[in-house]
Amino acid sequence: MAYDFDKIATNYDRLNHIMTAGMDRLWRRRAAKEALKTARRKTASATNALTHSRTNALTLDVACGTGDMAISLAKQGCSVTGIDLSEEMLAIARRKTAEANFQLANAEALPFDDATFDAVTSAFGIRNFVHLDKGLAEMARVLKSGGRMVILEMSTPDSALVRPFYNLYTRRIIPWLGSRIAGNREAYTYLPNSIERFPKGEAMLQKLEAVGLRAEQRKFFFGVCRMYCGRKAD
Ligand SMILES: C[S@@+](CC[C@H](N)C(=O)[O-])C[C@H]1O[C@@H](n2cnc3c(N)ncnc32)[C@H](O)[C@@H]1O
């Protein structure tokens, strides 16, 4: 069963920014720019203006939560739809911005036609899917040919030197922060456990290739966060 984010929606943003020392904002901005690369290039050639910085791209942010990724996309000038399973998370997203359309939906059965979107993103969402492969297949299905799928996800660092610090931080400090700030130690114990169990690196690239994308990854902060970038064949 999917974790119920309604329980932690109120403090979700504050804890996110504290836990990542604000880096989560930067990572989402990087992902939004990456997702729109192809769309922007198409807009530029259509208008014959290579410096064109806006795009009319249709984008979908899956498991949008409180809307920060959708806001980063909207700042790039595109049209954004965000979907999530949690009404409480969506309510916060709607209060934060009117620049995106937010709706209740399941990533594993997206209510959109094939090839609807120029770009599809998900930030820290796919780890929570009950059926990861089904969710990824749905995200690829609604993506247009030539479009980009960009996924941000937390992962364990590769370096044995960094590992002990990572373990201390995720197993002791994050659950403590969760109980102090959100009054919910359990949710923030679930977080490191779910990161540990989740496929990363090559394993994730193979999953993206299995749904028809050419994929690569970029690591942020010793690989604690990874950006997976997939492109659907033209
Ligand atoms: C860790 S939060 C990430 C929120 C946001 N994307 C961000 O950047 O902070 C994970 C979100 O995934 C949503 N979620 C989990 N499974 C989902 C599914 N199958 N379909 C849609 N949303 C889902 C949860 O409700 C939650 O809001």
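Asp4, Asp6, Glu87 and Glu88 come together as a patch of negative charge on the surface. The model is a predicted one.

Take Asp4 from this group. Asp4 lies in the segment before helix H1, which covers residues 9-19. Its relative accessibility is 36%, and Asp4 therefore counts as partly exposed.

The surface also carries a patch of positive charge. Its members are Arg25, Arg29, Arg30, Lys33 and Lys75. Which helix gives the most to this positive patch? Helix H2, residues 23-35, does, with four residues. Lys75 sits in helix H4, which runs over residues 68-75. Lys75 has a relative accessible area of 62%, so this residue is exposed.

Now turn to Thr59. This residue belongs to strand S1, residues 58-62. Is Thr59 buried or exposed? Thr59 is buried, because its relative accessibility is 1% and the cut-off for buried is under 20%.

What does Thr59 touch, once neighbours within four places in sequence are left aside? Its contacts are Leu36, Leu73, Cys78, Ser79, Val80, Thr81, Phe117 and Ala119.

The table sets out the three residues by place and accessibility.

| Residue | Place | Relative accessibility | Class |
|---|---|---|---|
| Asp4 | segment before helix H1 (9-19) | 36% | partly exposed |
| Thr59 | strand S1 (residues 58-62) | 1% | buried |
| Lys75 | helix H4 (residues 68-75) | 62% | exposed |

Notes: Residues numbered from 1 in each chain as written. Predicted model: local features only at pLDDT ≥ 70, side-chain atom pairs only at ≥ 80, totals over all residues. Heavy atoms only, no water. Patch = residues over 30% accessible without salt bridge, like charges linked within 9 Å, V, L, I, M, F, W, Y side chains within 5 Å. Areas by Shrake-Rupley, 256 points an atom, 1.4 Å probe, with all protein chains shown as cover. Salt bridge = Lys/Arg side-chain N within 4 Å of Asp/Glu carboxyl O. Lys, Arg positive; Asp, Glu negative; His and termini not counted. Charge placed at Lys NZ, Arg CZ, Asp CG, Glu CD. Helix = DSSP H or I, 4+ residues; strand = E, 2+ residues; numbered from the N terminus. Buried < 20%, exposed > 50% of the residue type's maximum accessible area, 1.4 Å probe, protein only. Contact = heavy atoms within 4.5 Å.
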